[in-house]
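Visitor: Could you take me on a close look at one part of this model, the aromatic rings that pair up inside it? I'd like the surroundings too, once we've been through the rings.

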Amino acid sequence: MANETPTTEQLNEFREAFGLFDRTGEGKIQRSSLGTLLRALGQNPTEAEVQELTGDISKSDDADGIPFDEFVKIAMRPGGFSSANSEDSFNEFVQAFQVFDRDALGYISAGELRYVLTSLGEPLSDSEVDELLKGVPMDKHGNINYEELVRTLISA
């Protein structure tokens, strides 16, 4: 779907969502709203990707915001609609957890997971980790089967 001309249905969806973020009615959104708007449309950019995308906006657009036509180009970029639900994404998440699974048993300790989530990459707050781990099954040693965790997270 990416790098193509958007369908009429997609354009209508983009316009409707864009309009919700266009606070002044001038046909532009604030750069700080880009990530939230893309996520609202089903994309899953990281904060680093959003920074990279907003870095591509010309300086004149930077002061005024992102116009709709530029937003459409961003939304239709190659890989823009990669879903977190894909098999490739599942495998990437599992491989990331395998780095912390020294014994290759398919488990990560809850404490180590908390440390990773609050310290590496785009860190989560303790309350966000608490919410994430709420209801996650652990064995009697406090270990979490990370393949089950990934399935639960990407299906949510």
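Guide: Here's a walk through the aromatic rings, followed by a few other spots along the chain.

Before we zoom in, keep in mind that this is a predicted model. The protein chain has nine helices and four strands, and reading from the N terminus their order is α-β-α-α-α-β-α-α-β-α-α-β-α. Of the 156 residues in the protein chain, 33% are buried. As for how the chain folds back on itself, take the contacts between residues at least 6 apart in sequence: 61% of them join residues at least 24 apart.

Now for the rings. Searching the whole structure turns up four aromatic pairs. One of them is Phe18 with Phe68: the ring centres sit 5.2 Å apart and the planes make an angle of 80°, and since anything over 60 degrees goes down as edge-to-face, that's what this pair is. It's a link between distant parts of the chain, with Phe18 in helix α1 (residues 8–21) and Phe68 in helix α5 (residues 68–75), 50 residues apart. Phe18 has a relative accessible area of 4%, so it counts as buried. Phe68 comes out at 18%, and because the cut-off for buried is under 20%, Phe68 counts as buried too.

Phe18 has another partner in helix α5, and that's Phe71. Here the ring centres are 5.6 Å apart with the planes at 45°, so this pair is classed as tilted. Again the pair links distant parts of the chain, Phe18 in α1 and Phe71 in α5, this time 53 residues apart. Phe71 is buried, with a relative accessible area of 0%. Put the ring pairs together and you get a cluster made of Phe14, Phe18, Phe68 and Phe71.

From the rings, let's hop over to a loop residue. Ser33 sits in the loop between β1 (28–29) and α2 (34–40). Is Ser33 buried or exposed? With a relative accessibility of 6%, Ser33 counts as buried. If you set aside its neighbours within four places in sequence, Ser33 is in contact with Phe21 and Arg23.

For a contrasting loop residue, try Ala104, in the loop between α6 (87–98) and β3 (107–109). Ala104 has a positive phi of about 55°, even though it isn't a glycine. Its relative accessibility is 65%, so Ala104 counts as exposed.

Last stop: a helix pair further along the chain. The axes of α7 (residues 110–119) and α8 (residues 126–133) come within 10 Å and cross at roughly 135°. That angle is why α7 is described as oblique to α8: the label roughly antiparallel is kept for angles over 145 degrees. The crossing of α7 past α8 is right-handed. Which residues in α7 and α8 meet? On the α7 side they are Leu113, Arg114, Leu117 and Thr118, and on the α8 side Asp126, Val129, Asp130, Leu132 and Leu133. Sorted by class, that contact of α7 with α8 has five nonpolar residues, three charged ones and one polar one.

Methods:
Residues numbered from 1 in each chain as written. Predicted model: local features only at pLDDT ≥ 70, side-chain atom pairs only at ≥ 80, totals over all residues. Heavy atoms only, no water. Axes fitted to C-alpha atoms, helices over the stretch in contact; angles between N-to-C directions. Helix = DSSP H or I, 4+ residues; strand = E, 2+ residues; numbered from the N terminus. Parallel < 35°, antiparallel > 145°, perpendicular 65-115°, else oblique. Left-handed = near helix turned anticlockwise from the far one by under 90°. Contact = heavy atoms within 4.5 Å. Nonpolar A, V, L, I, M, F, W, Y, C, P; charged D, E, K, R; others polar. Buried < 20%, exposed > 50% of the residue type's maximum accessible area, 1.4 Å probe, protein only. Phe/Tyr/Trp six-rings, centres within 6.5 Å; stacked < 30°, edge-to-face > 60°.
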